[in-house]
Amino acid sequence: MDRQRLSSIAHTHHPIAAPISGVNVNRLLRRADRRPSARILDLGCGEAAWALQALALHPDGHADGVDVSRYALERAATAATERGLADRLTLHERDARAYVPDGDHDLVMCVGATHVFDGFAGTLRLAGRHVHPDGILLVGEGFWQAAPTPQALAALDAKPEEFTDLAGLVDVAEEVGWTPVYAHVSDAAEWDHYEWSWVGSLTEWALDNPGHPDAGDALAVAREHRDQWLRGYRDVLGFATLVLRRT
């Protein structure tokens, strides 16, 4: 089954693609709101849910979304049209690492896509280059909520040093030259909603389309993901979204 289509189906009920509820997304974006006509950049934007929500809060703003997935960007374009925001969102199908924007941005976001820049520190350095001197960098990243177990490491295909704890995230940010002015740590309910939405959407699609050639694979992927989460990293991996300004 095509992985882009699978991901799209799985995120049907949670297009934000991160374990954060809508009210907390808005709270983060309001904390990052520096000016109503903000220039916004979303790196690794997926279906551009963050960029679109930011535009809703910046009535005179413009956003650029960058992603390598044509399928996700097509869905982003459709969503922008449905919300009447198509004229204020420009989508770019390219690698975020190689993206060269036209000038600095007031708000740069990279939520759940730090792997594009080889991790949290790399995201702060590389994505941070696109931020206006008085602008905001908003980054969502995983951290060890508890000491990683062998089961969690296997489920995530990760090494212990790939993540730090929450205090370590703040330390890394300050070492690279950024200071958190606000942050949201996803709670258990947000994580459960996110994971069950991912698994449930894929499972329901397979059950509703039993004759589809990909139905069996979709069920298998959903079951594998569910087991990795429930038996592996649940209550071990945390997720924090930080609002950062230059030190």
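1. A salt bridge here is a side-chain nitrogen of Lys or Arg within 4 Å of a carboxyl oxygen of Asp or Glu. R231 and D227 satisfy that limit, with N and O 3.9 Å apart. Please keep in mind while reading that this is a predicted model.

2. Where do R231 and D227 sit relative to each other in helix 9? They are 4 residues apart in this helix (residues 215-233), so about one helical turn separates them. R231 is exposed, at 65% relative accessibility, while D227 is partly exposed, at 28%.

3. Now for the other salt bridges. The search of the whole structure gives 8 of them. One is between R97 and D95, whose side chains meet at 2.7 Å, N to O. R97 counts as partly exposed because its relative accessibility is 48%, and D95 is also partly exposed, at 26%.

4. R234 and D235 form another salt bridge, with their closest N and O atoms 3.5 Å apart. D235 has a relative accessible area of 44% and is partly exposed; R234, at 33%, is partly exposed as well. This pair belongs to a network of salt bridges that links D192, R234 and D235.

5. Next, have a look at D64, which lies in strand 2 (residues 62-67). Is D64 buried or exposed? D64 is buried, yet it has no salt bridge. The nearest side chain of opposite charge belongs to R39, 4.5 Å away. Since a salt bridge needs a nitrogen within 4 Å of a carboxyl oxygen, R39 is too far from D64 to count.

6. Which residues does D64 touch, leaving aside its neighbours within four places in sequence? The contacts are I40, L41, D42, T90, H92, Y99 and H105. One of these, L41, stands opposite D64.

7. The strand around D64 deserves a point of its own. In strand 2, 5 of the 6 residues are buried, so the strand is largely enclosed by the rest of the structure. Strand 1 (residues 39-43) runs parallel to strand 2, and 5 bridges join them. Strand 3 (residues 89-93) is also parallel to strand 2, again with 5 bridges. Within that second pairing, D67 has E93 of strand 3 as its bridge partner.

8. How are these strands connected along the chain? Strand 1, helix 3 (residues 49-57) and strand 2 make up a right-handed β-α-β unit. Strand 2 then takes part in another right-handed β-α-β unit, together with helix 4 (residues 70-82) and strand 3.

9. Two backbone details are worth checking on screen. A48 is not a glycine, but it has a positive phi of about 65 degrees. You will find A48 in the loop between strand 1 and helix 3. With a relative accessibility of 0%, A48 counts as buried.

10. The other residue to check is D157, also not a glycine, with a positive phi of about 50 degrees. D157 lies in the loop between helix 6 (150-156) and helix 7 (166-176). Is D157 buried or exposed? D157 is exposed, as its relative accessible area is 68%.

Methods. Residues are numbered from 1 along each chain as its sequence is written. This is a predicted model: local features need pLDDT of at least 70, side-chain atom pairs count only at pLDDT 80 or more; totals for chains, interfaces and linings use all residues. Side-chain values use heavy atoms; hydrogens and water are left out. Buried means under 20% relative accessible area, exposed over 50%, partly exposed in between (1.4 Å probe, protein chains only). Lys and Arg count as positive and Asp and Glu as negative; His and the chain ends are not counted. Contact means heavy atoms within 4.5 Å. Two strands pair if DSSP finds at least two bridges between them. A crossover is right-handed if, with the strands pointing away from the viewer, the path from the first strand over the helix to the second runs clockwise.
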